[in-house]
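Trainee: Please take one part of this structure, the nonpolar core, and walk me through it slowly and carefully.

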Amino acid sequence: MAGNLTLDHVVIAVYDLDAATADYTNVLGRTPSWRGGHPKYGTRNTLFRIDNTYVELLALSGAQGDKRWSGELQRFLEQRGEGVYALALGTPDIRSTVNEMRENGLEVMDPADGHGIDLDTGAERAWRNAMVAPKGTNGIRLFFIQHLAPPEALPVAEPVDEAAYVRRMDHAVVLSADMEAARRVWSDVLGARLALDRTFPDRNTRILFYRLADITIEISGGSAQSREGIGKPDRFFGLAWGVDSIERTCARLAAAGVETSGPRPGIKPGTLVATVKGPATHGVATLLIEHMPQSFEAEARGPQRGAIDNAPQQRAFTATALDHISVTTPDLLATATKWAATLNLSVTETHDVPGEGRVAKIPAGNAYLALTQPTEGSGIAAAMTDRGQGMHAIAIAVDNIDEAVRDLRVKGIEVTDPTPGRDPTPRIARVSKTATNGVPLILIQHTTP
Amino acid sequence: MLTKVHHVGVVVRDIDQAMRFWRDTLGLDIHKLQMIEEQGVKAALLNLGDSEIELLEPVVTDNGIARYLDRKGEGLHHICFQSDDVERDLTALKFKGVEMIDQQTRVGIAGRICFLHPTAMDGALIELCQPLDEYAALHPGAR
């Protein structure tokens, strides 16, 4: 379960909600999804749903509310000022997540019902959340959240200008004085995937890169653990936003009176970055990042400028085996007979796949052939007409199809959502042929090995 | 006897570009990358469990791979089965009257190989192979 946590949303604490809403409408290039209040907490908020998470601007409403929320926010604003306040980690089952985290030694409050109202539309959303005691996370404020309302209850924040808006969150940066403690929290307690543990000697910096779905939590600290650092709290530093065109985004921001550093090459090859300056980000160090295709190449993932990898990179998923090869024929019986007579490979079972055709399974040791007589009008029938009968597709087994689909999508590859396949109970996803050199490719995860 | 699917052959326009998906995105390791001058192809074998994906890029314009690319574009090209005795299997195929591209086995990237004619298997192009060390053990003195 822990490995399935997502970055549900990021909370930014602000003094003046209306001013911050206007500024973030500019910074993100999107109009708010939601302007609401939490009567129970004594807070008000503005939400922007972007492609892979949502952003919450949170302010005190002035009304009496649950001191556990409003008192905490007030203390934060008084002591630290505006800035990133908390990360909300999404879970499909908060009860089991809380139990698991407690078993991992994390102090978590009991899940509580939450409720928000959009003050403009009257729309309502409900959730259950559970706060984590910050002392268990080196001072980083986290809470778990399970939404009870469907995702569409929070509409996507409409972009104001094509290609010049923030499409997605790329990463969030946490500064840590105690990197080993941070690693224990994120790896051992939260179970997040450590994608990279890298030291940059020329900058005297070590960075841990954790992945929550397609968002990276970047934890940055000194390259060597110092005695002074141990026990000091971690803090949020800033957020990096993915844009399609950094040039157009910077131009739009300049026109809106928001200053940026202008595009420059990022540390990772194949990226362009720009820093957003001035008060518009309300205490959040803000970076815009554009990934060009070469940033997804293996070389770009390697250490740059003398950096050292401290641990082997963990891939999001592993392709474990060739599962089967789909071969089309207009006459299943005739072709199956030929396979048996010519190559001594025989059919062990036949079945119908709705919308595809009749399939004869021919085991061949480590994989099998799925000899398929397509149903008229199906996509596979069209493919047979187009390319001729014969090899049609291959299916590759992966150890984690959800991670595989996310990883491919991060790299800009079209792939369908995983859906249940047939016997025994695999889940499958189809990868767009445009990415695979024309090979219809099915990813498959068997639930039983 | 055929023992397993040794590899699936994929024809590509540019192997280096194809690596971005098969190696970098899917994470398959390359275990052989070879220019086969006499066949006019550049070939890469990538591990996939106990099978392999073979990427084939034509480097001339007048071989089967180049014509395939012209006619059909990139895509699935052939299935290669591993044999425990490729000579015996080829003899049996010829005895059965199966139409073959190769009348004799030859050395390819996957070992000692031979191709069936695509019409033999209703459009699916089939290759048989036997790793060279196993072949040498069965046929001492052969080259």
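Mentor: Two residues are in contact, or touch, if their C-beta atoms, placed from the backbone, lie within 7 Å. The model is predicted, and local features need pLDDT of at least 70, side-chain atom pairs count only at pLDDT 80 or more, while totals for chains, interfaces and linings use all residues. Residues are numbered from 1 along each chain as its sequence is written, with chains lettered from A and ligands numbered from 1 in the order in which they are written.

The largest nonpolar core (buried Ala, Val, Leu, Ile, Met, Phe, Trp, Tyr and Cys residues joined through C-beta atoms within 7 Å; buried means 20 or more other C-beta atoms within 10 Å) has 78 residues, and A:Ile394 and A:Ile396 touch the most other members. Its largest share, seven residues, comes from strand β22 of chain A, residues 390–398 (a strand is a DSSP run of E, at least two residues). Setting aside residues up to four places away in sequence, A:Ile394 touches A:Leu322, A:Ile325, A:Val439 and A:Leu441, and also B:Val8 and B:Leu76 of chain B. Another core, of 75 residues, lies apart from this one, and among its members are A:Trp34, A:Val98, A:Leu142 and A:Ile246.

Turning to chain B, eight of its strands form an open sheet with mixed pairing, in the order β2-β3-β4-β1-β5-β8-β7-β6, where pairing needs at least two DSSP bridges. At the edges are β2 (30–36) and β6 (106–108) of chain B, each of which pairs on one side only. Within chain B, β7 (residues 111–115) and β8 (residues 126–130) run antiparallel and are joined by four bridges; B:Ile113 has B:Cys129 in β8(B) as its bridge partner.

Methods: A residue is buried if 20 or more other C-beta atoms lie within 10 Å of its own, exposed if 12 or fewer, and partly exposed in between; C-beta atoms are placed from the backbone.
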